[in-house]
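Here are a few exercises to work through with the model open beside you. Try each task before you read its solution.

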Amino acid sequence: MNTKILKYILLDLLRSKFIISYTLFLFLMSMSVIYIGHDSSKAAVSILNIILFVVPLVCIIFGTIHFYNSREFIEFLLTQPVARKSIFWSEYLGISGSLSAAFIIGAGVPVISAGINITGVYLLVTGTMLTFIFVSLAFLSSTINNDKVRGVGLSIILWLYLSVIFDGFVMMIFYMFRDYPLDKYIVALTSLNPVDLSRILILLQIDISALMGFTGATFQKFFGSITGKFISLMLLLLWIVIPAFISLRIFNRKNF
Amino acid sequence: MVRYSKIFIHIFIFTFLINNLCSGKDISVCSVRGYKTVKSALENSSDGDRIIIKKGYYRENNIIVDKRVQILGEDNPVIDLEFINQGFIVRKDSVIIRGLEIRNIKVSYVQDLSAIKIENSSGCTVENNILYNTFFALYLANSDNCLVKGNKITGFAQTESSSGNGIHLWKCNNIRIESNETSGHRDGIYFEFVTNTRILNNYSHNNLRYGLHFMFSDSNSYMKNLFSENGAGVAVMYTKNIIMEENIFTGNWGPASYGILLKDISRSVIRRNKFIKNTIGIFMEGSDKMNIEENEFRDNGYAVKVFGNCSSDTLIRNNFIGNTFDISTNSSRNENYYSENYWDKYKGYDMNKDYTGDVPYRPVSLYSMLVEKVPESIIMMRSFITDIIDFTEKAIPVFIPESLVDEKPKMILNEYN
Amino acid sequence: MNTIELRDLCKSFGKNQVLKNIDLQLKSGEVTALMGPNGSGKTTLLKSILGLVIPDSGKILVNNADVKNDFHYRNLIGYMPQIANYPENMKVRELFAIVKDLRGHKEITDDELIDNFKLNEITGKNFGQLSGGYKQRVTGALAFLYHPEIMILDEPTASLDPLSSEIMRNKILKEKQKDKIIIISSHIASEVETLADRLIYILDGKIIINKTLKELKNGSQELKLGKTLTEILAPVLHNKKS
């Protein structure tokens with residue numbers, strides 16, 4: 001791992017207009033949500049919605065576009081005496097690092113200023129993890145596709161799938177198998193989607209969890225336990241690591 | 001006729017009291033001299049006497065009061081039952097117990113042991129007592145015309161099976177329960193076969209199961225009480241002619257918690273209450289001819305859950321603010337009437353400025369119906385798919401009961417003076 | 001004394017076979033010009049040597065060592081791509097710093113091009129503000145900065161203004177004296193005539209011509225490269241058509 005390249009990539013990104021406006025956007029949204037509403041649990045829900053909607057979309061699209069725009073620079077770096085994987089990780093950590101920084105400053109400062117509690121910590125941890133996950137997915141679709149338009153297209157499809165389509169399928173499954181006890185399978189099913197996993201982890205933190213009734217109690221039992229939380233975080237970690245390593249493999253064999 | 005007989009009874013009691021005051025003698029109980037126990041004082045008393053218990057610490061239990069006496073504490077003398085048995089058992093009319101502190105009632109799985117029990121008596125008063133670490137606290141059985149007022153009742157119930165109720169009434173008539181505070185029991189206030197009773201200004205909180213629980217108890221009224229953070233809220237079952245006004249139901253959060261659970265209730269009024277931060281504000285099952293009006297539902301999970309077997313209920317001039325779901329039902333039919341409510345989710349317009357929206361409002365969301373049918377789908381809460389589902393249904397209504405609609409949704413909050 | 005050797009090198013992109021069994025040896029002290037029509041495989045060949053393109057089969061040896069899965073050999077190479085682009089918020093100075101960080105083991109840098117291209121004036125600027133010509137000059141200067149033993153220049157003058165092109169050509173001629181391997185791809189016959197010692201002509205992924213310019217002159221005093229090429233290639237192109 002060559003941290004020298006990472007340093008310069010981070011420097012470049014942290015100065016970019018996009019990252020600065022993303023930070024500002026998150027900041028203003030979170031501030032308005034926290035200070036206009038009075039209810040902290042409702043504010044948490046609103047920030048949750050931002051995290052689940054904005055963070056994945058921004059990360060996967062920006063990650064993909066940035067990868068294609070950096071193509072010549074990556075090419076340039078590849079002609080220097082550095083290993084390919086160093087360049088890959090520098091780019092990966094550069095983008096995910098700067099997007100996480102934007103998130104932690106943009107959403108974290110308002111959340112922390114509103115008073116630190118466990119929900120806030122969860123919001124920030126899952127938001128950061130989602131940032132890394134969707135940058136991993138962005139790299140996956142940009143290393144798979146040589147063509148920028150197709151790469152961005154695949155990214156949008158991935159985002160749509162994880163944010164909407166997957167949940168639609170889950171709802172259909174619920175409805176079709178409504179006569180069977182499902183709760184255990186649902187826990188397994190949601191682990192197949194990092195967005196759902198994050199949503200449920202946070203939802204169970206806020207007192208809205210009681211709404212879930214007796215079925216919710218099963219989820220609470222799983223996601224509320226130390227083991228459940230640990231497993232969830234590990235699953236999110238896998239969602240970061242697996243796409244990242246697949247794209248590294250592709251990157252290593254890629255022609256520039 | 002009923003009213004006249006009531007007045008007669010009151011006059012009867014009053015004259016009795018006057019007689020007592022005039023005719024009885026004072027007996028004092030003190031830990032240092034004279035009668036050292038309440039029991040010994042009682043043995044040497046007769047009807048109409050006043051037993052005055054001086055400040056002190058008395059280890060006694062199973063005190064049977066079978067004379068028409070007043071038992072009065074001075075500066076809250078402590079009667080410690082030491083978990084041996086129960087406290088006072090009143091078996092005589094017109095007994096007064098006031099100003100005592102009774103502690104440490106035995107937990108029993110066989111008997112309903114309590115701090116003060118009133119059996120088969122009339123016209124008794126239990127006032128300004130502190131009942132601490134109780135199993136059952138106040139227990140009224142087959143009694144009438146009693147007053148329970150200003151008692152502070154604290155229990156430390158752990159499980160439902162090993163705990164009793166704060167104020168427990170069984171087969172009673174014309175009781176007044178006023179300004180008591182009860183916490184840490186199975187049920188804060190429990191009624192079974194109780195009629196013509198008023199419950200006013202009580203504070204029932206942090207009880208394991210219900211803050212108030214009553215069954216088969218017709219023609220009672222509940223006003224200005226505060227029920228908060230009880231395991232399951234308040235349950236009203238198998239009863240008719242109830243008036244519930246100006247109560248506050250709050251903080252009943254849990255997988256099966258309600259502001260009020262209405263089960264087989266009819267011809268009752270729920271008016272000007274506040275339901276704040278409950279999992280379910282009102283849960284109605286098998287209830288009909290209910291007037292639910294001018295209540296405020298704020299920040300509840302479900303404001304009102306109406307089962308399909310409810311009919312002829314009216315919900316008018318209520319305010320719905322910040323609830324996750326306003327109305328939820330498991331039925332595709334609707335036999336209840338909604339009108340003039342304020343719904344914060346209402347997106348309609350008001351062209352003629354009469355503060356009533358020009359388009360009807362449908363307070364049931366498709367997603368909430370889906371949750372009723374498939375409870376597991378609650379795990380999809382706050383995901384975009386639920387918004388999409390609701391949006392689609394709003395655009396092309398198919399599943400939501402046609403008649404479940406507020407034709408006159410208010411543009412501004414309903415004001416109650 | 002450095003060497004580059006390509007043995008039976010093949011590369012295809014999808015169904016398109018870009019390099020077909022390329023065998024080639026290059027040695028120090030010679031400027032090799034790589035010519036051929038667009039899409040003939042010139043750039044792919046150069047990128048294979050650099051490790052940007054990974055060959056399907058065959059071997060690339062630099063100083064008799066296989067370059068597969070190695071990156072240290074790139075210390076020897078200075079490369080100037082056709083198009084250069086850098087992160088837009090990066091300053092010119094920072095790009096120099098990266099290269100220095102990555103291969104700054106040589107104390108003395110070759111600042112000749114930096115001076116001649118007048119790059120000192122723009123080191124504080126972001127790449128987003130620079131014109132294409134300036135970016136290309138920076139790229140050129142970077143390629144020569146650490147006295148590389150092997151120079152790979154992909155159409156080095158294509159997007160430079162005439163003056164800068166002249167500076168670049170003079171620099172190449174100067175470096176030629178230092179016993180280096182220099183590979184230039186170019187479309188400009190006159191440029192090849194002035195700079196190169198050897199000409200390699202690639203057509204459809206195959207080497208058609210690999211001769212020194214002396215051989216191509218064939219004894220005559222003057223070389224008209226354009227004409228010579230047309231003569232040599234005519235039968236090949238004819239065969240291809242039929």
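**Exercise 1. Work out what share of chain A is buried, and how its contacts spread along the sequence.**

Solution. Start with burial: in this predicted model, 50% of the 256 residues in chain A are buried. Next, take the contacts between residues at least 6 apart in sequence; in chain A, 78% of them join residues at least 24 apart.

**Exercise 2. List the secondary structure of chain A, then decide how compact the chain is for its length.**

Solution. Step one is the element count: chain A has 11 helices and 0 strands. Read from the N terminus, that gives α-α-α-α-α-α-α-α-α-α-α. Step two is the radius of gyration, 19 Å for chain A, against the 18 Å that the globule rule gives for 256 residues. Those values are close, so chain A is as compact as a globular protein of that length. For the overall dimensions, the C-alpha trace of chain A spans about 60 × 40 × 30 Å along its principal axes.

**Exercise 3. Describe how helices α2 and α5 of chain A pack: angle, handedness and contact residues.**

Solution. First get the geometry. The axes of α2(A), residues 17-36, and α5(A), residues 84-113, come within 8 Å and cross at roughly 25 degrees. Angles under 35 degrees count as roughly parallel, so α2(A) is roughly parallel to α5(A). As for handedness, the crossing of α2(A) past α5(A) is right-handed.

Now go for the residues:

- α2(A) brings Ile19(A), Tyr22(A), Thr23(A), Phe25(A), Leu26(A), Phe27(A), Ser30(A), Met31(A) and Ile34(A).
- α5(A) brings Ser98(A), Ala102(A), Phe103(A), Ile105(A), Gly106(A), Ala107(A), Val109(A), Pro110(A) and Val111(A).

Sort them by class and the contact of α2(A) with α5(A) comes out at 14 nonpolar, 4 polar and no charged residues.

**Exercise 4. Find the buried residues of α4(A) and name helices that cover them.**

Solution. Walk along α4(A) and pick out the buried positions: Phe73(A), Ile74(A), Phe76(A), Leu77(A) and Leu78(A). Then look at what sits over them; the cover includes α1 and α5 of chain A.

**Exercise 5. Profile chain B with the quantities used for chain A.**

Solution. Count elements to begin with: chain B has 4 helices and 39 strands. Its C-alpha trace spans about 85 × 45 × 30 Å along the principal axes. On burial, 47% of the 417 residues in chain B are buried. Finally, of the contacts in chain B with a separation of 6 or more, 46% are between residues 24 or more positions apart.

**Exercise 6. Map which chains touch, and say what each contact is made of.**

Solution. Begin with the pairs. There are 2 pairs of chains that touch, and the most contacts are between chains A and B. Chains B and C share no contact, and their closest C-alpha atoms lie 36 Å apart.

Take A and B next. The contact uses 23 residues from chain B and 32 residues from chain A. On the chain B side, the largest share, 3 residues, comes from helix α4(B), residues 384-395. That side has 12 nonpolar, 7 polar and 4 charged residues.

Finish with A and C. Here 21 residues come from chain A and 26 residues from chain C. Within chain A, α1 (3-14) and α4 (71-78) each supply at least two residues of the side that touches chain C. By class, that side of chain A holds 10 nonpolar, 5 polar and 6 charged residues.

Terms used. Residues numbered from 1 in each chain as written. Chains lettered and ligands numbered in written order. Predicted model: local features only at pLDDT ≥ 70, side-chain atom pairs only at ≥ 80, totals over all residues. Axes fitted to C-alpha atoms, helices over the stretch in contact; angles between N-to-C directions. Parallel < 35°, antiparallel > 145°, perpendicular 65-115°, else oblique. Left-handed = near helix turned anticlockwise from the far one by under 90°. Contact = placed C-beta atoms within 7 Å. Nonpolar A, V, L, I, M, F, W, Y, C, P; charged D, E, K, R; others polar. Buried ≥ 20, exposed ≤ 12 C-beta atoms within 10 Å, placed from the backbone. Rg over C-alpha atoms; globule rule 2.2 N^0.38 Å.
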